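Here is a short report on a single protein chain. It covers overall form, strand pairing and cysteines.

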Amino acid sequence: MSLSPVRRRVAVVGTGAVVGGGHLPALRAHADRTELVAAVDVDRERLDAFRAVAGEGVAAFTSVSAMLDAVRPDLVLIGTPPSLHREQTVAALKAGAWVLCEKPLCLSLAEYDEIAAAEEASGAYASVVLQHRYGSGAVHARALIASGELGAPLVAHCQTTWHRDAAYYAVPWRGRWATEGGGPTMGHGIHQYDLLLHLLGEWAEVRAMAARLVHDTESEDVSTALVRFSNGALATVVNSVLSPDEVSRVRVDCADATVELTHLYGHGNDDWSYTPAPHVPAGRAAAWRTPAHDVPSSHTAQLGALLDAYDAGTRPPGSGQQARGTLEFAAALYKAAFTGRPVRAGEIVPGDPFHAAMHGGHPDWAPGERA
């Protein structure tokens with residue numbers, strides 16, 4: 001007789017669009033493994049509207065600490081503005097709950113150190129939502145690259161060219177270092193370059209530029225970077241909210257093939273393509289086609305991977321060094337852009353101003369420093 005899956009008791013913190021549109025469908029897709037028991041929001045009207053959709057049996061709270069004390073959930077899903085992520089994640093970890101938090105997990109490497117310490121003390125884990133890693137197309141591409149089947153990675157392009165208008169930045173917490181942690185480098189392009197890091201592995205050096213070209217924000221509205229990976233591959237990265245023709249794109253040119261993903265906010269198998277080099281036999285290239293089973297990149301896919309890790313008692317993907325590595329890349333891009341010099345992996349350590357904040361206290365970029 002097979003045993004039924006263990007159902008994890010889940011609480012959501014924040015009941016806005018990302019929770020209602022991303023996390024709630026994921027919980028419903030994994031209803032045999034999860035039970036939504038509580039929701040937290042400081043806006044009681046929004047909280048009640050969420051419960052009307054999620055189920056009146058979901059306990060309502062306006063305080064994270066009150067919810068953790070009363071409910072003691074197994075897993076906390078966090079979908080609040082970025083400035084709250086570190087505090088709420090640490091509180092959940094201290095209560096013994098695992099965490100799946102929207103990006104960015106926190107606003108600096110110094111804040112990440114606090115999360116890592118809370119993990120160590122509690123034995124629980126915190127993962128960041130970067131769902132593009134979990135689609136079947138990404139899993140397949142990574143396996144092909146890692147195995148050497150496509151030949152050595154040589155050149156890559158990572159493009160997040162989106163468009164956000166003045167109304168978008170009228171939301172008070174957007175475009176400010178203290179509340180968003182940065183501009184499109186932290187809030188938009190992070191999805192694509194996280195996938196690039198997932199495909200190509202460790203990076204060695206970053207050179208970058210950033211600018212405020214349109215929006216009256218503290219942080220940048222565009223950044224570009226040149227990246228050298230440890231395997232020798234060279235890559236370009238563009239993070240923009242100034243681009244009317246919106247696209248998300250990752251392309252990796254290997255010795256034997258080009259693999260390319262083109263989408264906008266989420267990918268399926270059909271969004272991936274493989275172009276063989278002229279010397280590659282057709283039979284070999286045919287084997288690269290993405291699998292028939294199509295798992296779109298989504299909160300549902302990532303939640304499933306986290307639940308698998310919870311059941312196995314192992315660190316979930318998207319946590320630990322994976323989460324820190326993506327945050328370190330963002331910090332390195334900002335440091336390279338603001339100082340005008342290359343940044344090497346591992347150089348941003350405690351005591352470095354870019355460890356404490358993504359703006360690094362730079363006089364042209366730090367809050368309150370502009371003329």
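The report goes from the whole chain to its sheets and then to its cysteines.

**Overall form**

This is a predicted model. The chain has 14 helices and 14 strands. Its C-alpha trace spans about 65 × 60 × 40 Å along the principal axes. The radius of gyration is 21 Å, which agrees with the value near 21 Å for a compact globule of 371 residues. Buried residues make up 54% of the 371 residues. The chain exposes about 15300 Å², and carbon and sulfur atoms supply 54% of that area. Contacts reach far along the sequence: among those between residues at least 6 apart, 69% join residues at least 24 apart.

**The six-stranded sheet**

One open sheet has six strands in the order 3-2-1-4-5-6, with parallel pairing. Strand 3 (59–61) and strand 6 (126–129) are the edge strands, and each pairs on one side only. Neighbouring strands of this sheet are turned by 25° against each other on average, direction ignored. At the strand 3 edge, three bridges join strand 3 to strand 2 (residues 34–40). Here Ala39 has Ala60 in strand 3 as its bridge partner.

**Strand 7 and its partners**

Strand 7 (residues 153–163) pairs with strand 11 (residues 242–254) in antiparallel fashion. It also pairs with strand 10 (residues 234–240), this time parallel. Strands of a sheet pair through backbone hydrogen bonds, in either of these two directions. The table sets out the strand pairs described so far.

| Strand pair | Bridges | Direction | Residues standing opposite |
|---|---|---|---|
| Strand 7 and strand 11 | Nine bridges | Antiparallel | Gln159 and Arg249 |
| Strand 7 and strand 10 | Seven bridges | Parallel | Ala156 and Ala235 |
| Strand 2 and strand 3 | Three bridges | Parallel | Ala39 and Ala60 |

**Cysteines**

How many disulfides does the chain hold? The count comes to zero. A disulfide is a covalent bond between the sulfur atoms of two cysteines. The cut-off for the sulfur pair is 2.5 Å. The closest cysteine sulfur to that of Cys101 belongs to Cys106 and is 8.4 Å away, so the two are too far apart for a bond. Cys158 is in no disulfide either. Its nearest cysteine sulfur, in Cys254, is 15 Å away.

Are Cys101 and Cys158 buried or exposed? Cys101 is buried, with a relative accessible area of 0%. Cys158 has 2% relative accessibility, so Cys158 also counts as buried; the limit is under 20%.

Definitions and conventions:
Residues are numbered from 1 along each chain as its sequence is written. This is a predicted model: local features need pLDDT of at least 70, side-chain atom pairs count only at pLDDT 80 or more; totals for chains, interfaces and linings use all residues. Side-chain values use heavy atoms; hydrogens and water are left out. Two strands pair if DSSP finds at least two bridges between them. Helices (H or I, at least four residues) and strands (E, at least two) are DSSP runs, numbered from the N terminus. Buried means under 20% relative accessible area, exposed over 50%, partly exposed in between (1.4 Å probe, protein chains only). The radius of gyration is taken over C-alpha atoms; the globule rule is 2.2 Å times the number of residues to the power 0.38. Contact means heavy atoms within 4.5 Å. Accessible areas come from the Shrake-Rupley method with a 1.4 Å probe; for residues, only the protein chains shown count as cover. Axes are lines fitted to C-alpha atoms, for helices over the stretch in contact, and angles run from 0 to 180 degrees between N-to-C directions.
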